[in-house]
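Subject: Structure for you to look over

Hello,

Here is the structure I said I would pass on. My notes on it follow below.

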Amino acid sequence: MNTYYITTPIYYPSGNWHIGHCYTTVICDALARFHKMKGEEVFFLTGTDEHGQKVEKEAKSRGITPLEFVDPLVAQLKDMWRLLDIGYDRFIRTTDEDHAACVQRIYQKLYESGDIYKAEYEGHYCTPCEAFWTQSQLKDGKCPDCGREVTLQKEESYFFRLSKYAPRILKLYEENPEFLQPKSRVNEMVNNFLKAGLTDLCVSRTTVKWGVPLPFDEKHFSYVWIDALANYVSALGYASPQDALYKKFWPADLHMVGKEIVRFHAIIWPALLMALGEPVPKQIYGHGWLLIGGDKLSKSKQDAVKSELTDPYELVKRYGTDAVRYFLLREIPFGSDGEYTNERLLNRINADLANDLGNLVSRTQAMIAQNFSALPARGLQEGTDGELIAMCEELFARVSADMDALNAPEALSKIFAVISRANKYIDETTPWVLAKDPAKRERLGAVLYNLAETVRICAVCLRPFLTKASAAILKSFGCDENAGFDTLRFGLLEAGTPIEKIPPIFPRIDVKKELVEVEKLVASMKKSAPLKREANAEKVGKKEKEAANAAAKPLVAFEDFTKLELKVGEVIACEKIAKSEKLLHETVKIGNEVRSVVSGIAKYYTPEEMVGKKVVVVTNLKPAKLCGVLSEGMILCAEDENGNLSLVSPEKEMVSGGTVR
Ligand code: ME8
């Protein structure tokens, strides 16, 4: 079976997530889903980049530990990915024990081979970017990437012999034009960095202690970018006894990254891998940015400049997961920057989703319901039937070629070209006229059959992009909502299939009215934002600790109870935790997501008994490590006064991911 390993960058736990942040991950999710549907074995990695000066400072200013600071932010990010239906296979945190151990192994290897050596360092450090710059690289004395102040830092450090690898990296670009895409990024790397030759890279800090200690000198801590880049291999168990995933999936098929971090991925990362004697990734793609008023969308810019709504939580709440995913995947020409405005988003939703797709689905379903009790027979081909059928039959090959070129906007435009053609086909065949003539009943049936098949084929092709709508459409046409690309032959729908008429999946939005609403919302969010942030900081700090320590159980308000998220999960794997008598480590599938959960139930259940059990999981509990194992939730149990314990399970058959309330 072919394998496909795709990664997003790991995110800084800033908490100020905006729609721009969602771009990389939504694209990767669509690609991962597409390759899964092609029958490939896919590993899709994302996560968080938690070490470094920024987090250390923020935590200190709040009087809490760095981990106490980042934990709720990581939970928030996971929540955002849940909202956007991101089906990753692992969410790695640079604070995960296996990751830190891998970083140490990498440093040790490079130290032993002589590619890491000790010297004195002086440089200009940009804390927000976690990057060092030489005097000549600064722009007007400020960080050339973000334009913020830098500080001069001097310390004894370890260096990586990056300079040694410049010729090999140039050769890599020449011999593998696919390695770095789009092509313009190669010119940037060559002209801005490689041509002048590379200087060795400072890879340790003594002043920043929130990092991985170097195994050969514990006064020094890893430089965040080495720590961060290592996630792509640590997630697979590189250089550990548990390296089966590494053997299976490395080298990565694709590192998808924003263009501002191409330098780290296309120069430093391959150099590190070369030094380690490991293969380099097959491709790095540096995508463009979502812009606001011509500048990169960032929380500070949006607060200062425009009144666009960029908060992913709010956007999903207002327009739904699919609409936000669709906009990101369709609107911005791939590889380029694209302007973000609410108006553009709303127009896209209306034009493509409500009008083209929504109308096709509802017209087809309504006409079948009005004229037949179930799907009519296929009948004979006439008129433009052949053209529509040919478009459907050629669709997958076209979409597939676009997705192989990573061009989701083009792939979607091919699918929507078929949807438009089908809407035109309705106007050409005028089923409402055919319906009036009993002699044309067979022809009417054939027209409606062709439309239903077109909808089905488009819905299957849309599955990687519109996760919820495609499932709803397929179900309403009596099809498996998980139908694969092997079902894309025209004519598979069986006559007599009951067709359900569903409400509009994408209701049309009154753009003018909605823009006024959004403007009001953004204004109120701006006003309350600093307050909200302060309140959060406070919550993350002392109050939370006090609350956790409180032993008494007072009455809780209903709103407080509803803050808990309880879901049905299915235990798909379970093992004992070697260091503990009480703990079991379960792998629990909750809808599309798989979580690691630790429970103190080893005395009551064996791992074998647990596998296959449907359980109730608290899914928004702050993640914690028990005996070194990450627990991302809590399985609910009932306990009597004698200490007998029983799992709480849904009383009737219930899908995993079902909500418990
Ligand atoms: O860079 N438009 O993390 P990050 C498009 N931790 N994409 C955007 C964007 C915008 N306006 N703003 C942010 C980091 N992004 C490092 C990565 S990997 C070893 C370490 C994208 O949280 C950005 O380009 O700053 C990147 O791909 C992702 O959000 C995470 O950015």
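I start with a pair of helices, H5 and H6, which lie roughly antiparallel to each other, as their crossing angle is roughly 160 degrees and the cut-off for that term is over 145. Please bear in mind throughout that this is a predicted model.

Helices H5 and H6

H5 covers residues 166-175 and H6 covers residues 183-194, and their axes come within 11 Å. The crossing is left-handed. On the H5 side the contact is made by Ala 166, Ile 169, Leu 170 and Tyr 173; on the H6 side they meet Val 186, Met 189, Val 190 and Leu 194. By class, the contact of H5 with H6 holds 8 nonpolar residues, with no polar and no charged ones.

Just as a point of geometry in this part of the chain, the peptide bond from Gln 181 to Pro 182 is cis, with omega near -15 degrees. Pro 182 sits in the loop that links strand S7 (180-181) to H6.

The four-stranded sheet

An open sheet is built from 4 strands in the order S5-S4-S6-S8, with antiparallel pairing. S5 (131-133) and S8 (201-202) are the edge strands; each has a single partner, so one side of each is left without a neighbour in the sheet.

Inside this sheet, S4 (residues 116-126) pairs with S6 (residues 151-160) over 10 bridges, in the antiparallel sense. Two of the positions can be used to check the register: Gly 123 stands opposite Gln 153 in S6, and Glu 120 has Glu 156 in S6 as its bridge partner. On to the edge: S6 and S8 are joined antiparallel by 2 bridges, and the partner of Phe 159 is Cys 202 in S8.

The three-stranded sheet

A further open sheet has 3 strands in the order S9-S11-S10, and its pairing is antiparallel. Its edges are S9 (204-205) and S10 (213-214), each of which pairs on one side only. S9 is joined to S11 (residues 217-222) by 2 bridges, and these strands run antiparallel. Within that pairing, Ser 204 stands opposite Ser 222 in S11.

Helices H1 and H13

H1 (residues 19-37) and H13 (residues 321-331) are a pair whose axes come within 9 Å and cross at roughly 90 degrees. That angle makes H1 roughly perpendicular to H13. From H1, the residues in contact are Ile 19, Cys 22, Tyr 23, Val 26, Ile 27, Asp 29, Ala 30 and Arg 33, and they meet Val 324, Arg 325, Leu 328 and Leu 329 in H13. The residues of this contact divide into 9 nonpolar, no polar and 3 charged.

Helices H14 and H18

H14 (residues 342-371) and H18 (residues 441-462) pack with their axes 10 Å apart and an angle of about 145 degrees. H14 passes H18 in a left-handed crossing. H14 brings Leu 357, Leu 360, Val 361, Thr 364, Met 367, Ile 368 and Asn 371 to the contact, where they meet Arg 441, Leu 444, Leu 448, Leu 451, Ala 452, Val 455 and Leu 462 in H18. By class, the contact of H14 with H18 has 11 nonpolar, 2 polar and 1 charged residues.

Domains

The protein is divided into domain 1, residues 341-487, and domain 2, residues 558-647. Taken over C-alpha atoms, the centres of domain 1 and domain 2 are separated by 43 Å.

Backbone points to check

Two further places deserve a look in the viewer. The peptide bond from Trp 250 to Pro 251 is cis, with omega near 5 degrees; Pro 251 is found in the loop between helix H9 (244-249) and strand S12 (254-258). Asp 85 is not a glycine, yet has a positive phi of about 60 degrees. Asp 85 is placed in the loop between helix H3 (66-83) and strand S3 (90-93).

Regards

Note on methods
Residues numbered from 1 in each chain as written. Predicted model: local features only at pLDDT ≥ 70, side-chain atom pairs only at ≥ 80, totals over all residues. Heavy atoms only, no water. Pairing = 2+ DSSP bridges. Axes fitted to C-alpha atoms, helices over the stretch in contact; angles between N-to-C directions. Parallel < 35°, antiparallel > 145°, perpendicular 65-115°, else oblique. Left-handed = near helix turned anticlockwise from the far one by under 90°. Contact = heavy atoms within 4.5 Å. Nonpolar A, V, L, I, M, F, W, Y, C, P; charged D, E, K, R; others polar. Domains from an automatic or database assignment.
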